[in-house]
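Please walk through the side-chain interactions of this structure, taking rings and charges in turn.

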Amino acid sequence: MMRLTVVSVASILKRRWLFQKCFFCTTTAGFAESELPNTGHDLAAMSSFLQDKDLLCRSPGSSTGLLVLDLIDKGTLQPDVTLYSKLIRRCTQLGKVKEGKLVHLHFLNSGFRNNVTLCNSILNMYAKGGCIYEARNMFDKMSSRDMVTWSIMITAYSQSNSAEEALFLFPEMLRLGLEPNQFTFASLVKAAAARPVDTDGKQIHSSCFKLGYCGDVYVGSALVDMYARCGSMDEAILVFRDLSIKNEVSWNSLIAGYGRKSQGELGLKMFRDMQREDYKPTYFTYSSVFTACASTGSLEQGKWVHAHMIKSGGQLLAFVGNSLLDMYGKSGSIEDAQRVFNRLLSRDIVSWNSLITAFSQHGLGKEATTQFENLLRSGIRPNKISFLSVLTACSHCGLLDEGDRYFKLMKELDVVPDVSHYVTMVDLFGRAGLLDQAERFIKEMPIQPTAAIWGALLGACRMHKNMELGAYAAERVFELDPQDSGPHIILANIYAAAGRWKDVAKVRKLMKERGVKKEPACSWVEIENAVHMFVANDDAHPHREEVLQMWMKISEKIKEYGYVPDTSHVLLPEEDDQQREAKLQYHSEKLALAFALLNTAPGSTIRIKKNIRVCGDCHTAIKLVSKLVDREIIVRDKNRFHHFKRGECSCGDYW
């Protein structure tokens, strides 16, 4: 068959454009025929006239689906490696997997089907298009593979959250004698970061070291991120310090790692070090710093970082805005959390969940349910976290009917409850004093009760002084989680409140035999960007005497307001009432409050954090102190925030 001239091809293209409304070749069709070179040269050169925007023009009703492929089949265009490469690259750039499959099918019937470079391009197209099944099918059918092939497949698995598959390919590749490059290692380390422990990561790190890739900025940054995600911060720091060239990713990884481990102070220090070394923070940096601040409730430092982001021209994009919202909520400023939510450029389900959770943690049940109703009206579908947040709010505030309705709504919306939802429902019934209903709910659950579920019932029994049911619930917890100190302490408290000191002694003996240790209570307060920590009976603090004198002075004054120490919170029966009362005065939150009163301006808000639930005696005392000094005192304990003001608490004593 005689090959066509450039003039005849231009005519064909012009006719097809007229009938199919597809401007296929702007360069050629734009010429007048007299201006086109009238040669008999081979028209494989025609592919050089094709513009990228015309490569994927559809050809309805044809056998191939694409105009270019039709022209190849008709002999108008001579296929070559360059043309197929252009087509595949264009499909990859635009994410046109459907068109890419058409090119792939055509390619399989060509003489280039065993070309490893083209096969790698098609494999890469599937990988970047998220078609992991098609990519693996292509990978398995390739007649020959090189290092690029394996790297693409490993990267595809790594980016599709299929860590095990990515890591499984590594030893197979090594057995074939192929040496991984920096791109392979970066993807392997990313896959290892998805594992709960760093065992796989350490093995890959060893291979990186042997082959000399640890100094590569991308591999090194991936290693820092992997160790940080696995919680191995010491190893992450070692790798970070050995990097001759650092980038924003390596800095961000460390900051985020400290945030996940609730080591906000170290995360903030890394942020300041990053600035001193002239690395510009990204949105991911700010998001990580806000997470670090949230982990320790560092409101003032979080505000400073927020101001820094604004001065740098940062906007409240979804993910960084959500982190900022969460920071304000967890640091005790619900007003700022609400303002951030209102100013978000766009809101997703995380935004709504963060706001509802913030209201829930602050004991604002009505506000939480109002926002949940707004979420339902917004058209965004609530997820498990949304329901858990609103159910927790209902539990904290005694909104029994609302909580029951929202739990039933989960079924209507096909949201399957987790254990945490059942725990919250038991807590909801238990706090309301419906202990029989809570027990019946446990028996009728479609899942086996866990230690957390029985623990929720146990906590309710302590609140309502139901010793028999409390002992029963405690036994169930001991069977399922004998090493948890919390249930042992709660049961001892129940016995102590009833004056059954022999049973208290039995519980303490049981704890000793099992090697169960009570988590030491500690409280901390942030003053002028410095964190001051206190433990119960603190005798090591440099201002110990001054703090104790301050609290004893306050204690005497609040007795005039009706404060009577509740000695039932002291589990030491052998001491007399005076000794037991003295023990109460050394609780960590009281010491932190006294220190804050000594070192903050009159009228300013005091913010205290505690690692366990605030005790009943301290709760009563702090309420009266807020009235005595006419200041708002915000205490964040393990479960929620308490806003003390004018002798009252935001929880309404329902906690």
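The charged end of K246 is placed over the ring of F240, at 5.0 Å from the ring centre. This is a predicted model, and the distances that follow are computed from its atoms. A second charge over a ring involves R145, which lies over the face of F139 at 4.1 Å from the centre of that ring.

From charges over rings the text moves to rings against rings. A pair of aromatic rings is described by the distance of the centres and the angle of the planes. Searching the whole structure gives 20 aromatic pairs. One of them joins F407 and Y422: the ring centres are 5.8 Å apart and the planes stand at 70 degrees, so the pair is edge-to-face, given that planes over 60 degrees apart fall in that class. F407 belongs to helix 23 (residues 400–412) and Y422 to helix 24 (residues 419–431), so this contact between rings ties together parts that are 15 residues apart in sequence.

How accessible are the two partners? F407 has a relative accessibility of 15% and counts as buried. Y422, at 7% relative accessibility, counts as buried as well. Both assignments follow because the cut-off for buried is under 20% relative accessible area. The pair also belongs to a cluster, in which ring pairs link F407 and Y422 with F429 and F441.

The next topic is pairing between charges. Side chains of opposite charge can pair when their charged atoms come close. With a cut-off of 4 Å between a side-chain nitrogen of Lys or Arg and a carboxyl oxygen of Asp or Glu, the count comes to 23 salt bridges. In one of these, E134 pairs with K101, and the closest N and O atoms are 3.4 Å apart. E134 lies in helix 7 (residues 132–141) and K101 in helix 5, so the bridge ties together parts that are 33 residues apart in sequence. E134 counts as partly exposed at 24% relative accessibility, and K101 is partly exposed with a relative accessible area of 37%.

Helix 5 (residues 97–108) also contains E99. Is E99 buried or exposed? At 12% relative accessibility, E99 counts as buried. Leaving aside residues up to four places away in sequence, E99 touches R58, L66 and C91.

A further salt bridge joins R339 and D336, with the closest N and O atoms 2.6 Å apart. What separates these two residues along the helix? R339 and D336 are 3 residues apart in helix 19 (residues 334–343), which means that about one helical turn lies between them. Their accessibility is assigned separately: R339 is partly exposed, with a relative accessible area of 39%, whereas D336 counts as buried at 14% relative accessibility.

The last example is a salt bridge between the side chains of R195 and D200, with an N to O distance of 3.2 Å. R195 counts as partly exposed at 27% relative accessibility. D200, at 26% relative accessibility, is likewise partly exposed. Which residues are linked in a network of salt bridges here? The network links E164, R195 and D200.

Technical notes: Residues numbered from 1 in each chain as written. Predicted model: local features only at pLDDT ≥ 70, side-chain atom pairs only at ≥ 80, totals over all residues. Heavy atoms only, no water. Phe/Tyr/Trp six-rings, centres within 6.5 Å; stacked < 30°, edge-to-face > 60°. Helix = DSSP H or I, 4+ residues; strand = E, 2+ residues; numbered from the N terminus. Buried < 20%, exposed > 50% of the residue type's maximum accessible area, 1.4 Å probe, protein only. Lys NZ or Arg CZ within 6 Å of the ring centre and 35° of its normal. Contact = heavy atoms within 4.5 Å.
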